[in-house]
Amino acid sequence: MMNGQDDLLLISLIKQGDNRALDCLFRKYYYALCRFATYLNNRTDLAEEIVADVFFRIWEKRDSLTVEKNVRSYLFTATRHTCINYMKQEKHIMEELSDDIIEETPGPDDELMYHELENRITDLINYLPQKRKAIFQLNRFEGFTYNEIAEILSLSTKTVENQMGKAIKQLKLLQKTYQI
């Protein structure tokens, strides 16, 4: 069983570019972090994506990664922050897409309607082509700029801008088509 010192060693190796160390840390904490993320947002599918994103960002930012004492606390805090960012982004998207959807005054069924709307928007996003969906999620859920997305996906910034515009148009068209 690995202890805190072993985790710090793994972080040190990750900073040196050792992807096996990342894999080891991932395997050790993946399920616990997924349970935690599911607890925070009540969605298993999103929890798995959030945890994967946490480890992706660790790898991506390994050069500037600073974990001095408790790797476990760091991972759980990063997962909590990522959950919060996802929820903020989903709320933002829902507000953009729901301008024409919710025209009534708030009532007691609002929470149920909110969750139903959230699920429908998630379904709409899943209709996007894979690359466009990735660009959309990196921007809207992860908060990456177009330049950062272009660098991550090895695309031009203009391509990312075009794909984001197409994603928003497609989501609005899907919304109207399916009257969501």
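This passage looks at model confidence, the packing of two helices, and three buried side chains in a predicted model.

Confidence offers a convenient place to begin. Across the protein chain of this predicted model, the mean pLDDT is 80, and 82% of the residues reach 70 or more. Among the elements of the chain, helix α2 has the highest confidence, with a mean of 87, whereas helix α5, spanning residues 110–126, has the lowest, with a mean of 74.

Helix α2 also takes part in a helix pair that deserves a closer look. Two packed helices are described by the angle between their axes and the distance between the axes. Here, helix α2 (residues 19–41) and helix α3 (residues 44–60) have axes that come within 8 Å and cross at roughly 145°. The crossing of this pair is right-handed. On the α2 side, the contact is made by N19, L22, L25, F26, Y29, Y30, L33, C34, A37, T38 and N41. Their counterparts in α3 are T44, L46, A47, E48, I50, V51, F55, I58 and W59. By character, the residues of this contact comprise 15 nonpolar, four polar and one charged.

One of the α2 residues in that contact, Y29, also leads to helix α1. The side chain of Y29 makes a polar contact, at 2.4 Å, with the side chain of D7. D7 itself belongs to helix α1, which covers residues 4–15. Because its relative accessibility is 3%, and buried means under 20%, D7 counts as buried. Y29 thus appears both in the contact of α2 with α3 and in the polar contact with D7.

Attention now turns to helix α6, which runs over residues 130–140 and includes R140. With a relative accessibility of 11%, R140 counts as buried. Its side chain makes a polar contact with the side chain of N139, at 3.0 Å. R140 can also be placed relative to M164, a residue 24 positions away along the chain: the C-alpha atoms of the two are separated by 9.6 Å.

Q137 is likewise located in helix α6. This residue counts as buried because its relative accessibility is 15%. When neighbours within four places in sequence are left aside, Q137 is in contact with E49, I125 and E142. Of these partners, E49 falls within the residue range of α3 (residues 44–60), and I125 falls within that of α5 (residues 110–126). Through Q137, then, helix α6 is in contact with a residue from each of those two ranges.

Key:
Residues numbered from 1 in each chain as written. Heavy atoms only, no water. Axes fitted to C-alpha atoms, helices over the stretch in contact; angles between N-to-C directions. Helix = DSSP H or I, 4+ residues; strand = E, 2+ residues; numbered from the N terminus. Left-handed = near helix turned anticlockwise from the far one by under 90°. Contact = heavy atoms within 4.5 Å. Nonpolar A, V, L, I, M, F, W, Y, C, P; charged D, E, K, R; others polar. pLDDT = per-residue confidence, 0-100. Buried < 20%, exposed > 50% of the residue type's maximum accessible area, 1.4 Å probe, protein only. Polar contact = N/O pair within 3.5 Å; in protein donor to acceptor, adjacent residues only side chain to side chain.
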